[in-house]
Amino acid sequence: DHAARTVTAAREIADRMSRESRDFFAFFDKADQTEKAHLRLEVEKLRRAEADWLQVLVRILDHVYALQQAALRSGKPNVAHQITVFQDACRDAARRVGLIPVTVEPGTPFDSKAHQPLDPNAPLPERPVVAHVAGTGYHFQGRPLRPVVVVLKSAETPAAEPSAAPIGEVGEASPSAASPIPDARATGA
C-alpha cells in the first residue's frame with residue numbers, strides 16, 4: 001500500500017513537472033515570437049529611415065551637381081575649381097556610407113540599362129550617344145539606385161549644348177523632377 005502511494009505520488013510529480021515544463025517552453029516560445037516581431041518592426045523602421053536619408057542625400061548631391069555645372073558655365077575658373085572641390089568632398093562623404101555617384105563621358109553609346117534619357121517619352125535618335133550628363137546616377141551599396149540621366153544625340157549629329165539647369169535649378173524643391181528618385185524600399189536598398 002505504501003509503495004502504491006509512493007508510485008502514485010511520483011507519477012503526479014512527474015505529470016506536474018511535465019505540465020510545468022510545457023508551460024515554461026510555451027512561455028519562452030511566446031516571448032521569442034514577441035521578440036522576433038519587435039525586431040522585425042525595428043528593422044522595418046531602420047529601412048524606412050535609411051530610404052529617407054538616402055533620398056535626402058541624393059537630392060543634396062543633385063543640387064551640388066547643378067551648382068557645379070553652373071559654376072563651370074560661369075566662365076570663372078576659380079569659382080568652378082572651388083565648387084568642383086566642394087562637389088568632390090560631398091561625393092567622398094557619400095561614398096563612406098555606400099552611395100556611389102555614377103557618371104558617363106560624352107560620346108559614350110547609349111545603354112538603356114545604365115542611362116536614362118532626360119525626356120523618356122522622346123523617341124531615341126538613330127544610334128544614340130550621350131551628348132552630356134544631365135544628372136548623376138547612383139549606386140547604393142553595390143545596387144543601382146538611379147541610372148545616369150543623359151541628353152542624347154545621334155552618332156552622326158553634333159553635340160547639343162548643355163542647358164542652363166541640367167535637372168533643376170538650385171533651390172527648387174525637386175531637382176530631379178525629370179527623373180524622380182526611386183523609393184529605396186522599392187529598389188531593395
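Let me start with Glu44 and Arg48, which sit four residues apart in helix 1 and are therefore separated by about one helical turn. Their side chains meet in a salt bridge, with 3.6 Å from N to O. Please keep in mind throughout that this is a predicted model. As for how open the two partners are, Glu44 is partly exposed, with a relative accessible area of 32%, and Arg48 also counts as partly exposed, at 35% relative accessibility. As a general point, side chains of opposite charge can pair when their charged atoms come close.

There are other pairs of this kind on helix 1. Lys45 forms a salt bridge with Glu42, where the closest N and O atoms are 3.4 Å apart, and because these two residues are three apart in helix 1, about one helical turn separates them. Lys45 counts as partly exposed at 42% relative accessibility, and Glu42 counts as partly exposed at 28%. Then we have Lys36, which forms a salt bridge with Asp32 at 3.5 Å between the closest N and O atoms; both lie in helix 1, four residues apart, which is again about one turn of the helix. Lys36 has a relative accessible area of 38% and is partly exposed, while Asp32 is partly exposed with 34%. The full count comes to six salt bridges, and I have described some of them here.

What is the helix that carries these pairs like as a whole? Helix 1 has 72 residues, which at 1.5 Å a residue should span 106 Å, and its end C-alpha atoms are 105 Å apart, so the expected and the modelled span agree. Along this helix there is also a nonpolar surface patch to look at, of about 480 Å², made by Phe24, Phe25, Phe27 and Phe28. Of these, let me pick out Phe28, which lies in helix 1, residues 2-73, and is partly exposed, with a relative accessible area of 43%. Just after helix 1, Gly75 takes a positive phi of about 80°.

That brings us to helix 2, residues 77-95, whose 19 residues should span 27 Å at 1.5 Å a residue; the end C-alpha atoms are 26 Å apart, which agrees. Which residues of helix 2 are buried? They are Ala80, Ile83, Gln87, Cys90, Arg91 and Ala94. These residues cover an arc of only 95° around the axis, so they lie on the same side of helix 2. The face turned away from that buried side carries the exposed residues Pro77, Asn78 and Gln82. And what do the buried residues of helix 2 pack against? Their partners are helix 1 and strand 1, residues 99-102. One place where you can look at the two helices together is Tyr65, a residue of helix 1 that is buried, with a relative accessible area of 8%. Tyr65 and Gln87 are 22 residues apart in sequence, and their C-alpha atoms are 6.9 Å apart in space.

Let me step back to the whole protein, which has two helices and six strands, arranged along the sequence in the pattern α-α-β-β-β-β-β-β. Of its 189 residues, 31% are buried. Among contacts between residues at least 6 apart in sequence, 69% join residues at least 24 apart. The protein exposes about 12100 Å², and carbon and sulfur atoms supply 59% of that area.

In the strand part, I would point you to His115, which lies in strand 2, residues 115-117, and which counts as buried because its relative accessibility is 7%, below the 20% cut-off. Leaving aside residues up to four places away in sequence, His115 touches Val104, Thr108, Pro109, Phe110, Val130, Pro147, Val148 and Val150.

Finally, two loop residues deserve a look for their backbone angles. Arg127 has a positive phi of about 50° although it is not a glycine; it lies in the loop between strand 2 and strand 3, residues 128-135, and is exposed, with a relative accessible area of 54%. Gln141 likewise has a positive phi of about 50° without being a glycine; its place is in the loop between strand 4, residues 137-140, and strand 5, residues 143-146, and at 48% relative accessibility Gln141 counts as partly exposed.

Terms used. Residues are numbered from 1 along each chain as its sequence is written. This is a predicted model: local features need pLDDT of at least 70, side-chain atom pairs count only at pLDDT 80 or more; totals for chains, interfaces and linings use all residues. Side-chain values use heavy atoms; hydrogens and water are left out. Patches are made of residues with over 30% relative accessible area and no salt bridge: like charges are joined within 9 Å, nonpolar side chains (Val, Leu, Ile, Met, Phe, Trp, Tyr) within 5 Å. Accessible areas come from the Shrake-Rupley method with a 1.4 Å probe; for residues, only the protein chains shown count as cover. A salt bridge is a side-chain nitrogen of Lys or Arg within 4 Å of a carboxyl oxygen of Asp or Glu. Buried means under 20% relative accessible area, exposed over 50%, partly exposed in between (1.4 Å probe, protein chains only). The expected span of a helix is 1.5 Å times one less than its number of residues. The arc is that of the directions from the helix axis to the C-beta atoms. Contact means heavy atoms within 4.5 Å.
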